[in-house]
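Here is a short report on one structure. Look through the sequence and the model, then read on.

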Amino acid sequence: MERKTESIVIAQQTLVRLPYYVRSLTAMKAKGLTYVSAPMLAKELQLGEVQVRKDLSAVSVGGGKPKLGFSIEELLKGMRSMLGCDNGDDAVLVGAGDLGRALMGYKGFDDYGIKILAAFDKNRALAGLDLSGKPVYPMEKMAELCKRLQVHMGIIAVPPDAAQEVCDALVESGILAIWNFAPVKLSAPDWVLVQNENLAASLAILSNRLHQRLS
């Protein structure tokens, strides 16, 4: 998968690395730095210098300057544009349990233009609560709110047996992109983008790699 930004084509592998660049560059900017070299950033992120230079050249219109490097401000602007951070992507979340609450309270989404507007849950006892500054509504309010506010991104943080039903409800509400944290494969129309995050599987892979290293 590739994303086109004007005449630039960005490979999927580069897009995956961009959030890490943004995080490091933002920290460097906070320290007062205005320029960064490819070797400096490569060392910071433990990446190959050639790859970093290639990535930076893809997002920097003017390229690097001799003895100075790349403008941090220009890199951040280009990277955030390619990630869609300058569009301010609003989202709704379904499932106000432990995981859902953690996601609602995560401040890091702000760096990438993601804003969770509200949460929905089938547990009516949660309706009316304010969690991390986000209101919780009953499920029947979802379609009306999503369509009224023109929200196109939904986050699923419910048990596996409820995920498909929630997915269907999000699609009916006009959602075009779904970030799924339930460990189950969802069935969605071709025009709906689905990104799956299986936390248990990731932990199992990490544990297996650890055992291999220790054996």
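## Helix 8

At the start of helix 8, Asn198 makes a polar contact: one of its side-chain oxygens comes to within 3.3 Å of the backbone nitrogen of Ala200. A polar contact is a pair of N or O atoms within 3.5 Å; within protein, one must be able to donate a hydrogen and the other to accept it, and residues adjacent in sequence count only if both atoms are side-chain atoms. Helices are DSSP runs of H or I, at least four residues, numbered from the N terminus.

Helix 8 covers residues 199–214. Its 16 residues should span 22 Å, at 1.5 Å times one less than the number of residues. The end C-alpha atoms are 23 Å apart, which agrees. Of these 16 residues, 0 are buried, so helix 8 lies largely in the open. Buried means under 20% relative accessible area, exposed over 50%, partly exposed in between (1.4 Å probe, protein chains only).

## How the model is read

This is a predicted model: local features need pLDDT of at least 70, side-chain atom pairs count only at pLDDT 80 or more, and totals for chains, interfaces and linings use all residues. Residues are numbered from 1 along each chain as its sequence is written, and side-chain values use heavy atoms, with hydrogens and water left out.

## Cysteines

The structure holds 0 disulfides (pairs of cysteine sulfur atoms within 2.5 Å). Cys146 is buried, at 1% relative accessible area. Cys167 is buried too, at 0%.

Terms used
Helices (H or I, at least four residues) and strands (E, at least two) are DSSP runs, numbered from the N terminus.
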